[in-house]
Protein chains: 2
Amino acid sequence: MNEAVFKESLSELDTSSLVDKVEAKLVELLQQRKLHVGDAIPKEIELASLLGVSRTVIREALLRLRVMGLIESKKKKGAVITSPDVFGILSKSMNPHILNQDTLREMFEIRLVLEIGMADFIFQRITPEDVVKLKEIVSQEPPATEQHLFNIEHEILFHGKLYEITGNATLKKFQGMLLPIFDYVHNSGLLKKQLQPKRYVSHKGLVDIIENGSPEMFRNAMRNHLENHFARLFD
Amino acid sequence: MNEAVFKESLSELDTSSLVDKVEAKLVELLQQRKLHVGDAIPKEIELASLLGVSRTVIREALLRLRVMGLIESKKKKGAVITSPDVFGILSKSMNPHILNQDTLREMFEIRLVLEIGMADFIFQRITPEDVVKLKEIVSQEPPATEQHLFNIEHEILFHGKLYEITGNATLKKFQGMLLPIFDYVHNSGLLKKQLQPKRYVSHKGLVDIIENGSPEMFRNAMRNHLENHFARLFD
DNA sequence: TATGTTTATTATGTCATACATAAAAACGAA
DNA sequence: TTCGTTTTTATGTATGACATAATAAACATA
């Protein structure tokens, strides 16, 4: 039974599916820098005959790469390598209604971690223009009412600017991804209600520290600023 | 020309491809909580006839969901809803050889942000057993040599434990994803060489602070502990 | 020559069908 | 009942065909 033997020895290497192998092969090519951003990869049919599998398999492998953001395929031009937008990919599955509650809370927590931890990058890379912009944002802060302790849009504007100042585009994208989560968790009944919501260090206070203080001071101030959120997690 | 009119009015709704629509439809179902984790979704053929498209389209849509981590499909059991492992999805495309250098550096920076910012969660959730474990890890720290300022495995062990202590599984997964990046950036010529590498606050020092100090102290100590990395970024 | 329009080409997108494969379920014998 | 075998079933793979959209080529017109 030559055929049987052949199949057996083949399946030894072959725990994974055909598509897995093709995908791995293509990723391998990317990793070896044989292909660069903007390069076009062979047509589906060429790849199929090249790798000895059906076009179906090729298409599925390419699709995976596409979902992962490694390639983009245009109608006639074929597929081209793209530099993956690491977090852009995530935004699709980063839907509050899909994630489970534990994950949602954890994402909420990660936002707090980031804003406290990014102090050094703010101080290292802030420009005079940034300071001006921050002050402008603070000056336009709407007054807090009884119902709404703070205005969501304004919160996003201020804190988003801080992320921007870090000069870390990936971090900024990450924040953009966390925004809907944060909003959802904040408004849903997922966390305990805060007993007596209070404002601690204000946005203006944070800006003052950025101007005259140190990363250490900023971390502590930001921790204080976020106290309401921490309280809802810890109390 | 009834047919032409029909096609035209159809294409008004139809800027996206068939697969796009099916994908959106399925995601919508997930979001509406019509489907829950563990639920099985209809078979491919059923979906095909249900939505009036070919099995090919259904398969591609399902594949997208699978790559996004929203479903898992078993051989006979069909596909079942899974709570997406948010960062697990990323790990594939999170390959140092694929990402561009700016992104790599930014991921490197995010790790620093996280470890400084997570102090409060460590202090809030640490257990006596964690302290014992930390001390055990520190006690087994290999001595620093001339060539290697620190042992990578041991670094991962210690810092990984810290992530674990935060009780934030998502954060821990995130770290796992950052590890290869960090290693790569650290060893490649991407960053400046540090002129005179020095050890500042040691692992033991961090543990002491965890036992007797405060989150504020820990943040500053961790910032100091990571000084070598910061120096390579900022100097 | 330059420019706008039509036609042909090409590679991906979609469909249909058939078969392979693996896992579950049904079945049967001890 | 329990173990091993067969059947069923849904996904995985292969193949061939046509649709569609973007490009390129050809053409016509000023």
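Let's start at the DNA, with Arg55(B). In this predicted model, a polar side-chain atom of Arg55(B) sits 2.9 Å from a base nitrogen of DNA strand D. Staying on chain B, Arg59(B) goes for the backbone of the strand instead: one of its polar side-chain atoms is 3.0 Å from a phosphate oxygen of DNA strand D. And then there's Glu44(B), where it's a backbone N or O atom that lies 3.1 Å from a phosphate oxygen of that strand.

So which elements give two or more residues to the surface near DNA strand D? From chain A you get α2 and α4, and from chain B you get α4, residues 55–67. Both chains turn up again when you look at residues: 19 of them surround the strand, and the closest are Ser54(A), Thr56(A) and Val57(A), along with Arg55(B) and Lys75(B). On the DNA side, 65% of the atoms of strand D that come within 4 Å of the protein belong to sugar and phosphate. What about the character of the protein surface there? Count it up and you find twelve charged residues, four polar and three nonpolar.

Okay, on to the two protein chains and how they're arranged. You can superpose chain A on chain B with a rotation of 180 degrees and 0.1 Å of shift along the axis, and the RMSD comes out at 0.4 Å. The two copies are therefore related as by a two-fold rotation axis. Where does chain A come nearest to that axis, going by C-alpha atoms? At Gly117(A), whose C-alpha is 1.9 Å away from it. And the copies use the same surface on each other: 100% of the contact residues of chain A recur in chain B.

How much surface do they bury? About 5,100 Å² between chain A and chain B, with 62% of that on carbon and sulfur atoms. In residue terms, 58 from chain A are in contact with 58 from chain B.

Now the polar side of that interface. There are 17 residue pairs in polar contact between chain A and chain B. A whole set of helices in chain A supplies at least two residues each to the side that touches chain B, including α2 (18–31), α4 (55–67), α10 (169–187) and α13 (227–234). The one that gives the most is α6(A), with eleven residues. If you sort that side of chain A by type, you get 30 nonpolar residues, 13 polar and 15 charged.

Last stop, salt bridges. Over all chains, the structure holds 39 of them, and eight are found across the interface of chain A and chain B. One crossing pair to look at is Arg66(A) with Glu60(B), where the closest N and O atoms are 3.5 Å apart.

There's also a salt bridge inside chain A, between Glu60(A) and Arg64(A), with closest N and O atoms 3.8 Å apart. Why are those two about one helical turn from each other? Because they're four residues apart in helix α4 of chain A. So if you're clicking around afterwards, put α4 on your list: in chain A and in chain B, that helix gives two or more residues to the surface near DNA strand D.

How values were computed. Residues are numbered from 1 along each chain as its sequence is written. Chains are lettered from A and ligands numbered from 1 in the order in which they are written. This is a predicted model: local features need pLDDT of at least 70, side-chain atom pairs count only at pLDDT 80 or more; totals for chains, interfaces and linings use all residues. Side-chain values use heavy atoms; hydrogens and water are left out. Copies are superposed by least squares on the C-alpha atoms of residues with pLDDT of at least 70 in both. Contact means heavy atoms within 4.5 Å. Buried area is the accessible area (1.4 Å probe) that two parts lose on being put together, summed over both. A salt bridge is a side-chain nitrogen of Lys or Arg within 4 Å of a carboxyl oxygen of Asp or Glu. A polar contact is a pair of N or O atoms within 3.5 Å; within protein, one must be able to donate a hydrogen and the other to accept it, and residues adjacent in sequence count only if both atoms are side-chain atoms. Ala, Val, Leu, Ile, Met, Phe, Trp, Tyr, Cys and Pro count as nonpolar, Asp, Glu, Lys and Arg as charged, and the others, Gly among them, as polar. A residue is near a molecule or strand if one of its heavy atoms lies within 4 Å of it.
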